Amino acid sequence: MAIIPLMLMALGELVYLLNSSPYEARQDLREHGEILAAAVAENSEYGLTSGNLKDLERVVRSLVIADKWIYKIEVLDANGTLKVAVRSKETRQSDGGVFGARVYRRALPVDDFGRDDAPHFAGEQQERAETTEMIGEVRVILSQQQAETKQQRRILSQLFLLAVVVFTSVWVATLLGKALHRPMDTAIRALRDIRGGDYAVQLDVDDGGEVGELLDAINEMSGSLDEAKRNLERKVQARTRDLEASRNEALKADAEKRRLIQKVDSAVEDERKSIAIEIHDELNAALLGARYSSRRILDMVAASPPTAESAVIRESAESIIKVTSELYTSARKIVRRLRPEVLDMLGLEGAVEEMLQTYEAAPGAPAFTLKSTGDVGQVEGALAIAAYRLIQECVSNVVKHAQAAEVIVMVQVRDQGDERALRLAVIDDGVGFDPDKVQEGIGLIGMKERVYAFAGKLELKTGPGAGTHVEILLPLAPSDAKMHAI
């Protein structure tokens, strides 16, 4: 950006030089002609007075030979009679103008010792008489060629100097741009590493000002994220051990197993809620701080004159804002997956619909259709969370593995006398798989445990090229509804 004003300034200087060249050439011709005419007039007094025109002609001829500007010199007497005329023998043009000067006979001042013929004494002021008489005229005719040649040389020298100045300025601007661009590149790479999961990033802060503050903020954010990651890993490991212990205890009895599984699920949900709060309070706050610092840099750059350095800083700050915004959006998505707050606001049906819209917005995702019947709004509490997680796991498996084009999700409440149940179904037209050849993963095992904890049933229908049909039936008896709501 700084090079553009510099080039415009150089272009303006070039236009000025080209436009002022004829005027300066005329100025040079006028000054040269006036000086020559005055000099020849001063040296012509004796020749015109004494009539020794040969010496005068010799002097004029030598001057014409020596001065390349002169086309012709003429010396005239008081009557206008041409006495001396010398023309250059070289090929010159008489286009430089005519410059004249008068030749005077100057009488020397005479001391007449006073008008009374009395001797005067030293120090007395006496009047002195000095007379001048025009005895001729000098005409100097110049050629414009030498003035133009001189002006061309002057323009070439000025253009050379201008080119040196422009090249030096561009070189200095490039060095300054690289010096300012380097820390911004480092900051962007660090933020990308953080976005990729490498939170142990520490930058060397060698610069001061806003750039240094930005690098310090990135270091602080990286340290906070790294510490939060380690804390979360320790908590997850501790909770995993607790879950494994609880699962082993649950195998002792069928009823006890269901109770413990529900307790485990509740603990997992609590932990997810805790992790979601920590991400929201620590990670998002750090990202907002970095984005705020970058916006401050943009405001400072906007208030300063446009330069190459300010353009680099503005571009780098905008890139940082973009990266932090992407990180903030990703963190928000993680928080939603960890804690489905929409269950409390929209209920089970609204939460499932919002989840499907999120999956459908991903590139290459299939088209989802939600079909809901019955009074789904009565499903709440732990049962609603379990149903939401079951649908979430099914839809996630479809997006990852099924390669489906269309997916139908059903949420139904059956109320037939004493038989009340919540029916969930996820049907896709994907590639399917052979259940006998595929080992059950953690996701399917977790689904079965959730269904088992609520005394429900899970049915899986699939085959190679036949799509997948998952159907879940969860009892919804009055006693169960009260128990789940506790």
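**Salt bridges within a predicted chain**

In this predicted model, the protein chain has an accessible surface of about 28,900 Å², and carbon and sulfur atoms account for 54% of that area. The chain contains 486 residues, of which 35% are buried. Its secondary structure consists of 11 helices and nine strands. Contacts across the sequence also deserve attention: when those between residues at least 6 apart in sequence are considered, 72% join residues at least 24 apart.

Against this background, the charged side chains may be examined. Side chains of opposite charge can pair when their charged atoms come close. In the present model, the count of salt bridges comes to eight. Three of these pairs are described below, beginning with one inside a helix.

Arg58 pairs with Asp55 in a salt bridge whose closest N and O atoms are 2.4 Å apart. Both residues belong to helix H3, which covers residues 53–66. Because Arg58 and Asp55 are three residues apart in that helix, about one helical turn separates them. Asp55 has a relative accessibility of 29% and therefore counts as partly exposed.

The next pair involves two strands. Glu74 forms a salt bridge with Arg139, and here the closest N and O atoms lie 4.0 Å apart. Glu74 is found in strand S1 (residues 70–77), whereas Arg139 is found in strand S4 (residues 132–142), so this salt bridge ties together parts of the chain that are 65 residues apart in sequence. How do the two partners stand with respect to burial? Glu74 is buried, because its relative accessibility is 12% and the limit for a buried residue is under 20%. Arg139, with a relative accessible area of 35%, is partly exposed.

A further link reaches strand S4 from another strand. The side chains of Arg105 and Glu133 meet in a salt bridge, with an N to O distance of 2.8 Å. Arg105 lies in strand S3 (residues 98–106) and Glu133 in strand S4; the two residues are 28 apart, and their pairing connects distant parts of the chain. Each of these partners is partly exposed: the relative accessible area of Arg105 is 31%, and the relative accessibility of Glu133 is 44%.

Finally, salt bridges can be considered together where they have partners in common. Lys72, Glu74 and Arg139 are joined into one network by salt bridges that share partners. The pair formed by Glu74 and Arg139, which connects strands S1 and S4, is thus to be viewed alongside Lys72.

How values were computed. Residues are numbered from 1 along each chain as its sequence is written. This is a predicted model: local features need pLDDT of at least 70, side-chain atom pairs count only at pLDDT 80 or more; totals for chains, interfaces and linings use all residues. Side-chain values use heavy atoms; hydrogens and water are left out. Helices (H or I, at least four residues) and strands (E, at least two) are DSSP runs, numbered from the N terminus. Buried means under 20% relative accessible area, exposed over 50%, partly exposed in between (1.4 Å probe, protein chains only). Contact means heavy atoms within 4.5 Å. Accessible areas come from the Shrake-Rupley method with a 1.4 Å probe; for residues, only the protein chains shown count as cover.
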